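User: Please take a close look at a single loop for me, then follow its neighbours outward through the rest of the model. I work in computational chemistry, so spell out the cut-offs as you go.

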Amino acid sequence: MYDAVVIGGGVAGCTFSSKLSEKGFKTLLIERKEKEKSGDKICGDGIGKDVISNLKTHFNIALSGNTIVHETEGAVVYSPMLKKVHFDSKWFLVSRPLFGKDLISSAEGNGAEILDNTLCTGLLLENNKVTGVRTKTKNYRARLVVDATGPFPLIKKCLPDNKYIPKTAGIFDSAVSYREIVSLKKPIEDKSHLHIYFNLEDIPMGYFWIFPKDNNTVNVGVGNLNTKNPVDIFKKYVKKLNLEIKSVKSAGGGIIPVRRPAPSFVLDNFMLIGDSASQCSPLHGGGIGNTIKASIVASDKAVSALENDGLSLKELWGYNSEYMHQHGYRSAREELTKLFVVGLGNEKLEFLFDAGLMNSIKQKGMAKLGFSSIVPMLIKQPVLGKSVFDYGKRAKAVEEHYQSYPETPDSFEKWLKKDNELFEQAKKVYGVK
Ligand SMILES: Cc1cc2nc3c(=O)[nH]c(=O)nc-3n(C[C@H](O)[C@H](O)[C@H](O)COP(=O)(O)OP(=O)(O)OC[C@H]3O[C@@H](n4cnc5c(N)ncnc54)[C@H](O)[C@@H]3O)c2cc1C
């Protein structure tokens, strides 16, 4: 019997296992890929400063010498008409395989048992409670099971019927993406910034990115809501932006959950962390930072739950409330922003760029669209102005709703009902089906 079995050796699974094993709990980490390739994930490879500091402070993980391959000074965001807005905030480009290696080595170094090359096929259930996991060859029993399998619902589908964790995802819940790491024939003009292109007609609520990794190597890709083939958009943008590709080092597609967080991350003896809990940003799809923040809260709660031998839904609930109060409210507001922007169209988006929207975001932060400073421009477009103010009111209501996420499971149903109402109403107003 293990104290914890963690399914998935990505960012969530490795950080969580690292903490639990460091605290002396008998931890098994099951990963379907070979250990050496666990970090080989289709990704934009961009991380913020917070990732590096949180890994160090909370998990004692220092990235090895070659993991960070490039440092940028910020990002340039392009409007549909290719107008530029600069953001100054350091981003680091990593070698994703080495990043994954750093994480899994930390878990292993702290004593977690790693079972790689092994697909977890389901859950063991007794009296409607999770008691362990299944693989093709063997079952493993545990006091706590953690689903850290990323965006695919295989494990969630095996959960007992419950009102806390949904088992399926809708069309507006996932973005499909395609990315290549390529060598260019000529050096990239501006390698000190990430380059992000918005165009709501070509890329329905998503963006095309070029992230420089050195003078000639870039991570290029596109993610969009599940409506258009990302490979077609990719080809169109490579042509449109005259990217002359010499050779392709890596290519592939991926799924990014882009909805507000799952309404609960816990059941009796069970936790979700990372993409499996929809903790990515619904706006830009970045998930490594939020996953680590979630893993900090989840591992902290798991350690005390294991110490006190109290692993019921009620006893694990603090992970839900703490994450929602500290971080989840931002993701919920970002989903609302996504729904608002999807309904705008390019012309209005261009107008908002011209009105200084991006500069306003720069001052107030990505998640909190700072509309107040663009009021003078909005007077010229009263209909858009009205919908912007309506968005502002809804965003405040969503934020307050997540700040009042219940401290215990007792009022969860009432909270969830209101959550669904807030988002269903917004979808109706913004014409999103
Ligand atoms: C194209 C793309 C670009 C992205 N770019 C960025 C970016 O630049 N910056 C950023 O912050 N985020 C980015 N993200 C999001 C980021 O990659 C995820 O949010 C992050 O990896 C989440 O970590 P995780 O541990 O939850 O999931 P993952 O990293 O996906 O790890 C899940 C692990 O579980 C394993 N697994 C799955 N099922 C099973 C099973 N049944 N049994 C055993 N093992 C299993 C998988 O092999 C995998 O190793 C991007 C995502 C995509 C798809």
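Analyst: D309 counts as exposed, because it has 8 C-beta neighbours inside 10 Å; here exposed means 12 or fewer other C-beta atoms within 10 Å of a residue's own, buried means 20 or more, and partly exposed lies in between, with C-beta atoms placed from the backbone. This is a predicted model, in which local features need pLDDT of at least 70 and side-chain atom pairs count only at pLDDT 80 or more, while totals for chains, interfaces and linings use all residues. Residues are numbered from 1 along each chain as its sequence is written.

D309 sits in the loop between α6 and α7 (helices are DSSP runs of H or I with at least four residues, strands are E runs of at least two, both numbered from the N terminus). Its phi is positive, near 50 degrees, although D309 is not a glycine. Elsewhere, N128 also has a positive phi without being a glycine, at about 65 degrees. N128 lies in the loop between β7 (120–126) and β8 (129–135), and is exposed with 11 other C-beta atoms within 10 Å.

Back in the α6–α7 loop you will also find L311, which is buried, with 24 other C-beta atoms within 10 Å. Beyond four places in sequence, L311 is in contact with R143, L144, D268, N269, A305 and L316, contact meaning C-beta atoms, placed from the backbone, within 7 Å. F389, in turn, is 78 residues from L311 in sequence and 44 Å from it in space, C-alpha to C-alpha.

On one side of the loop, α7 (313–316) and then α8 (318–342) each supply at least two residues to the side of domain 1 that touches domain 3. The domain bounds come from an automatic or database assignment, which gives domain 1 as 2–69 + 95–170 + 262–328 and domain 3 as 329–430. In total, 18 residues of domain 1 are in contact with 20 of domain 3. Of the domain 1 side, α8 gives the most, with 6 residues. The C-alpha centres of these two domains, domain 1 and domain 3, lie 30 Å apart.

On the other side of the loop, α6 (288–307) supplies at least two residues of the shell around the ligand, as do other elements including α1 (11–22) and β3 (46–48). The shell has 42 residues, the closest being G10, G44, G254, G274 and G287; a residue belongs if its C-beta atom, placed from the backbone, lies within 6 Å of the molecule. Domain 1 and domain 2 (172–257) each provide at least three shell residues.

From α6 it is a natural step to α1, since α6 is among the elements covering the buried residues of α1, along with β1 (2–7), α2 (49–59) and others. Of its 12 residues, 11 are buried, so α1 is largely enclosed by the rest of the structure. Those buried include F16 and K19. The end C-alpha atoms of α1 are 17 Å apart, which agrees with an expected span of 16 Å at 1.5 Å a residue, that span being 1.5 Å times one less than the number of residues. Just after α1, G24 takes a positive phi of about 95 degrees. F16 is also one of the residues that V146 touches, together with A4, V6, I7, M271 and I273, leaving out residues up to four places away in sequence.

Notes:
Two residues are in contact if their C-beta atoms, placed from the backbone, lie within 7 Å.
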